[in-house]
2 protein chains.
Amino acid sequence: MRRLSAATPNAKPVSATAEQILDQAETLIQTRSYSAFSYQDIADALGIRKASIHYHFATKADLGVAVVDRYAERFGNALAALDRDQSRSSAQLLDFYCEPYLQYAQTPDRVCLCGALAAETLALPPQIRERVAGFFEDHQAWLARILERGAQRGEFTLRTAAVRTARMFFGALQGALLVKRTTGDMTQLKDVVTALKSQLAADRGGKASGVKGLRKARKN
Amino acid sequence: MRRLSAATPNAKPVSATAEQILDQAETLIQTRSYSAFSYQDIADALGIRKASIHYHFATKADLGVAVVDRYAERFGNALAALDRDQSRSSAQLLDFYCEPYLQYAQTPDRVCLCGALAAETLALPPQIRERVAGFFEDHQAWLARILERGAQRGEFTLRTAAVRTARMFFGALQGALLVKRTTGDMTQLKDVVTALKSQLAADRGGKASGVKGLRKARKN
DNA sequence: GTCTATACAAAGATAGAC
DNA sequence: GTCTATCTTTGTATAGAC
């Protein structure tokens, strides 16, 4: 288990160029994968030379780590903020969570950075691999927390343990994004989000239905 | 939409070596991705030279296409057979469908071939891309058919249209497999399968519950 | 069908001038 | 910080002998 809020003391005051390199690398990993992008791609995009990139990020692994850290921190901060905000409904929080996925789905070829990296885990430097794993654990833990809370408030009906539902929820979003990009069918992601929400819709029983739903699904 | 049964008239009588090459390539794509594997990897594994591989598969793209075709056909045949078999319950059919995912999950580092390829769609030769898209469409269509049938028989309660549920189901399996491999947590896949089944569990209403469940979930 | 040899391009990375 | 130049390795692919 890892921490979400204090992900990294975002202390690093990276230069403007370094920032642009990170932006490009992030996009390239999301669209073409880590293995398939090169320093040359970034150099071309920014109008600089390969060697200049090595000044900012000595190795490709260093660059990859920096990209994932920045990405995870951005998400981590947003999730931590949502976590603290007790004013919103759990359903709203889930909506917020799905937002980035839906946004990526509107681009022709972007997926979640960590989803893309996960598909080539064994080809990744270990430092990157660990961070991707941490990202997954953090996000699924966050989702489980929100689902649990929503069930207690009677907003949702969980048909199995919150942790399991969270894993299904997360996997479905990641998988759907990959499918969407390959088939080009924009409705893929929307359909999955709709389906996920339908599964969670509270039974017409009222307040205690969340707990009731959980009980009903014994060891299931 | 594409056809499942007559996927390819599996007429090709490939040589023993070609078969071994396909096996290795399939495994390498599943574990390391298409971009990250090379003819050298296969040559090493089989104890032959790179050049020999080119005799069987002129280009890497050709090899990739052959791998995907064989993989899709294997699945396609199995699904078509299940489709024809009216004796099994829909729940059983879904169990069969999940089997390969659970088996991959038991290996340390294998995922679905097409799931792996989807993550690097833009780095793939178009012929491969198209086939992966076809695989996704076929499988989701198959799942939708089974879900629809199960709902009509009262085995399942669909909380939204079968097509949407199928997309959620498929995405969740694919996503979970990727997450599982990265985190190394064997329970990931089992949890998701459990969660998916819980979502489908028929309401205690009896026969007509499938249809009822569908009605209830209006435009949701 | 498999080998050696080789061509050719691209990759990640470093040295050192400016 | 960015450049040119260069090194080294690896990748895909071909030619031609066996």
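Tutor: Helices (H or I, at least four residues) and strands (E, at least two) are DSSP runs, numbered from the N terminus. This is a predicted model, where local features need pLDDT of at least 70, side-chain atom pairs count only at pLDDT 80 or more, and totals for chains, interfaces and linings use all residues. Residues are numbered from 1 along each chain as written, chains are lettered from A and ligands numbered from 1 in the order written, and side-chain values use heavy atoms, without hydrogens or water.

Student: Which turn lays chain A on chain B?

Tutor: Superpose by least squares on the C-alpha atoms of residues with pLDDT of at least 70 in both copies. The RMSD is 0.0 Å, and the shift along the axis is 0.0 Å. That is the relation of a two-fold axis. The turn is 180 degrees.

Student: What share of the contact residues of chain A recur in chain B?

Tutor: Contact means heavy atoms within 4.5 Å. The contact takes 50 residues from chain A and 50 residues from chain B. The same surface serves both copies, and the share that recurs is 100%.

Student: How much area do chain A and chain B bury between them?

Tutor: Buried area is the accessible area (1.4 Å probe) that two parts lose on being put together, summed over both. Carbon and sulfur atoms carry 58% of it. The total is about 4,400 Å².

Student: Which residues of chain A lose the most area to chain B?

Tutor: Look at the chain A side of the contact. Three residues there together make up 15% of what that side buries. They are A:Leu122, A:Arg167 and A:Thr182.

Student: Now the DNA. Which helix gives the most to the surface near DNA strand C?

Tutor: A residue is near a strand if one of its heavy atoms lies within 4 Å of it. Helix H2 (39-46) and helix H3 (50-56) of chain A, with helix H3 (50-56) of chain B, each supply at least two residues. The top contributor gives 4 residues, and it is H3(B).

Student: Which residues come nearest to DNA strand C?

Tutor: There are 17 residues around this strand. They divide into 6 nonpolar, 8 polar and 3 charged. The nearest are A:Ser38, A:Lys60, B:Arg49, B:Ser52 and B:His56.

Student: Which side chain has an N or O atom 3.3 Å from a base nitrogen of DNA strand C?

Tutor: A polar contact is a pair of N or O atoms within 3.5 Å. Two such pairs involve phosphate oxygens of DNA strand C: a polar backbone atom of A:Lys60 at 2.8 Å, and the side chain of B:His56 at 2.7 Å. Of the atoms of DNA strand C within 4 Å of the protein, 67% belong to sugar or phosphate and the rest to bases. The base nitrogen is paired with the side chain of A:His54.

Student: Which helix gives the most to the surface near DNA strand D?

Tutor: H3 of chain A, with helix H2 (39-46) and H3 of chain B, each supply at least two residues. The top contributor gives 4 residues, and it is H3(A).

Student: Which side chain has an N or O atom 2.7 Å from a phosphate oxygen of DNA strand D?

Tutor: 17 residues surround this strand, and A:Arg49, A:Ser52, A:His56, B:Lys50 and B:Lys60 are the closest. A backbone N or O atom of A:Arg49 lies 2.9 Å from a phosphate oxygen. The side chain of B:Ser38 has an N or O atom 3.3 Å from a phosphate oxygen. At 2.7 Å the side chain is that of A:His56.

Student: Is B:Leu117 buried or exposed?

Tutor: B:Leu117 lies in helix H6 (residues 113-118) of chain B. Residues up to four places away in sequence aside, B:Leu117 touches B:Ile29, B:Tyr34, B:Val68, B:Leu124, B:Ile128 and B:Val132. Under 20% relative accessible area is buried, over 50% exposed, and in between partly exposed (1.4 Å probe, protein chains only). B:Leu117 has 0%, so it is buried.

Student: Which residues does B:Ala18 touch, not counting those up to four places away in sequence?

Tutor: B:Ala18 lies in helix H1 (residues 16-32) of chain B. B:Ala18 is buried, with a relative accessible area of 4%. Its partners are B:His56 and B:Phe57.

Student: Which residues is A:Gln174 in contact with, leaving aside neighbours within four places in sequence?

Tutor: A:Gln174 is found in helix H8 (residues 162-183) of chain A. A:Gln174 is buried at a relative accessible area of 4%. Its contacts are A:Tyr101, A:Cys112 and A:Gly115.

Conventions
Polar contact = N/O pair within 3.5 Å; in protein donor to acceptor, adjacent residues only side chain to side chain. Nonpolar A, V, L, I, M, F, W, Y, C, P; charged D, E, K, R; others polar.
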